[in-house]
Amino acid sequence: MSPRCRTNRLVSRVLRAILVVCLLALAPGCTSDTPDPLVVLGPWTGKEGEAFEDALKKLDDGTGRTYTYEGTRSLRETLVSQLEADAPPDVAILNSIGELTEYARRGKLRPLAPETAERAYEPWAPTLLVDSRRRTYWVPLKVDLKSLVWSKEGTPSDDPEWCLGLASQATSGWPGTDWIEDILLHQAGPDRYTEWATGRLDWRDPAVERAWTTWARLLGDRSPASVERSLTTSYEGLPDSDGQPRGLLASPGFGCTHEHQSAFIRYVYAGDDVRVEPSARFLDGLPEYRDAYEVAGDMAAVFSDDPAAQELVERLSSPAGRERWRAEADPPVRPLFPDMAGLPPTASADPIEQEIDSLLTSRARTLCFDASDAMPPELRDVFYRAVLEFFGDPTAEHLDSLLRQLETVRVQVGENTGGDPSFLPPEDICESRGG
């Protein structure tokens with residue numbers, strides 16, 4: 001956590017402590033009509049975090065409330081420690097509906113107010129059955145399109161040499177799970193994908209196994225040095241002379257031509273002569289699934305009983321809140337939204353942003369939420385590790401062992417969470433748009 005975030009957190013806690021002392025002691029001069037800052041915990045740092053924090057500062061809800069943003073790359077670890085200390089944020093923004101489901105089941109989340117629940121667009125925010133009531137517990141603020149391939153302009157695409165950086169600190173491996181998920185979606189279709197992502201399909205199913213072996217075949221033979229390079233290099237690529245990420249396509253030592261990566265990576269290639277295209281034609285999938293796309297998102301959930309926390313999420317997810325946020329962000333990190341209705345077009349959008357926007361909001365026929373982000377955290381983490389192991393040793397025997405391990409965890413997780421008849425995890429993680 002940055003020093004700025006720690007300072008903001010400390011200020012928030014000091015203010016709360018002062019208020020408690022005043023209320024208990026009824027000290028002269030103390031007043032309880034100055035509300036505490038609302039604390040928002042989220043995944044954005046750097047320029048993304050600055051743009052979101054600036055948008056928060058410009059919120060005018062007429063109540064005099066202020067907002068403290070804590071941005072961290074170790075989101076799950078930070079939130080878990082805060083919950084254990086009984087000091088949760090008022091609002092947290094997570095990209096894992098598997099984690100959000102876990103918190104809802106444990107009674108840590110508050111159902112969203114009706115006006116906010118109307119913006120719980122599928123497939124990012126399926127409803128949950130908790131205590132025999134079906135309700136909405138989170139809403140997408142920012143979304144991403146994952147089924148994309150990036151390459152330098154003018155590069156032939158008939159025989160791609162794939163870039164791959166699998167390192168991402170505690171979540172290393174997710175660029176590989178994105179590959180496997182995207183392949184399975186395009187080979188087996190949204191229905192089978194949903195069964196697998198929501199824990200209703202054996203990991204040893206032929207469709208799942210084929211996705212892994214297809215990934216290994218597409219990557220081709222790799223030398224030990226190449227394998228080690230991918231395992232230890234960040235998905236952002238190697239830093240340039242100024243310490244800024246330059247992307248895998250521009251990183252020395254890789255010599256690759258194409259990268260399978262989400263829309264967010266455009267900030268790395270800002271100003272570069274790159275192109276982006278749908279991934280379907282690269283994945284050995286079926287023609288009927290070419291218009292299916294994997295998506296991800298950052299969802300806001302309320303952990304506080306303070307009504308102002310509900311109001312904040314309602315404002316952040318509103319057209320006015322989105323427009324304010326988008327106006328504060330630099331073009332390379334400008335947020336994408338699940339429903340652009342009511343927002344004016346962005347005059348400064350470059351061709352890359354326009355293409356991604358078009359795919360996400362109009363051209364895609366099926367959107368499916370990121371499978372690993374839909375899985376319970378225990379299973380997701382094992383999936384990440386299995387990808388790293390398989391990348392280093394893609395033999396059939398090793399894959400069989402890894403899939404058996406994953407299946408064991410799937411069964412154990414189901415036994416631990418499936419016994420409560422008043423709770424059902426989400427199953428509607430794909431949305432068909434017809435056409």
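## Close-up views of a predicted model

**View 1. Cys256, a buried cysteine.** With a relative accessible area of 12%, Cys256 counts as buried. The model shown here and in the views below is a predicted one. Cys256 has a partner: a disulfide joins this residue to Cys163, with 1.8 Å from S to S. Cys163 is buried as well, and its relative accessible area is 1%.

**View 2. What the Cys163–Cys256 link holds together.** Look along the chain and you'll find Cys163 in strand β8 (residues 162–163), while Cys256 sits in the loop between α8 (224–232) and β9 (258–260), so the disulfide ties together parts that are 93 residues apart in sequence. The torsion about the S-S bond of this pair is about 90°, so the disulfide is right-handed. For anyone new to the term, a disulfide is a covalent bond between the sulfur atoms of two cysteines.

**View 3. The other disulfide, Cys368 to Cys430.** Searching the whole structure turns up two disulfides, and here Cys368 and Cys430 form one, with their sulfur atoms 2.0 Å apart. Cys368 belongs to strand β12 (residues 366–369) and Cys430 to strand β14 (residues 430–432), so this pair ties together parts that are 62 residues apart in sequence. The link is right-handed, with 115° about the S-S bond. Cys368 is buried, at a relative accessible area of 0%.

**View 4. Tryptophans in the largest nonpolar core.** This core has 93 residues, and those with the most contacts inside it are Trp138, Trp150, Trp196, Trp203, Trp212 and Trp215. Helix α6 (residues 174–197) supplies the largest share, nine residues. Both domains chip in: at least three residues come from each of domain 1 (38–144 + 296–369) and domain 2 (147–293 + 374–425). There's also a second, separate core of 26 residues, and Leu38, Trp44, Leu56 and Leu59 are among them. In soluble globular proteins, nonpolar side chains tend to be buried together.

**View 5. Strand β1 and its neighbours.** Strand β1 (residues 38–42) is mostly covered, with five of its five residues buried. Leu38, Val40 and Gly42 point one way from the strand, and Val39 and Leu41 point the other way. That fits a general pattern: in a regular strand the side chains alternate between the two faces of the sheet. β1 pairs in the parallel sense with strand β2 (residues 67–71) over five bridges, and Leu41 stands opposite Glu70 in β2. β1 also pairs with strand β3 (residues 91–94), again in the parallel sense, over two bridges. There, Leu41 stands opposite Ala92.

Definitions and conventions. Residues are numbered from 1 along each chain as its sequence is written. This is a predicted model: local features need pLDDT of at least 70, side-chain atom pairs count only at pLDDT 80 or more; totals for chains, interfaces and linings use all residues. Side-chain values use heavy atoms; hydrogens and water are left out. A nonpolar core is a set of buried Ala, Val, Leu, Ile, Met, Phe, Trp, Tyr and Cys residues joined through side-chain atoms within 4.5 Å. Buried means under 20% relative accessible area, exposed over 50%, partly exposed in between (1.4 Å probe, protein chains only). Helices (H or I, at least four residues) and strands (E, at least two) are DSSP runs, numbered from the N terminus. Domain bounds come from an automatic or database domain assignment. A disulfide is a pair of cysteine sulfur atoms within 2.5 Å. Two strands pair if DSSP finds at least two bridges between them.
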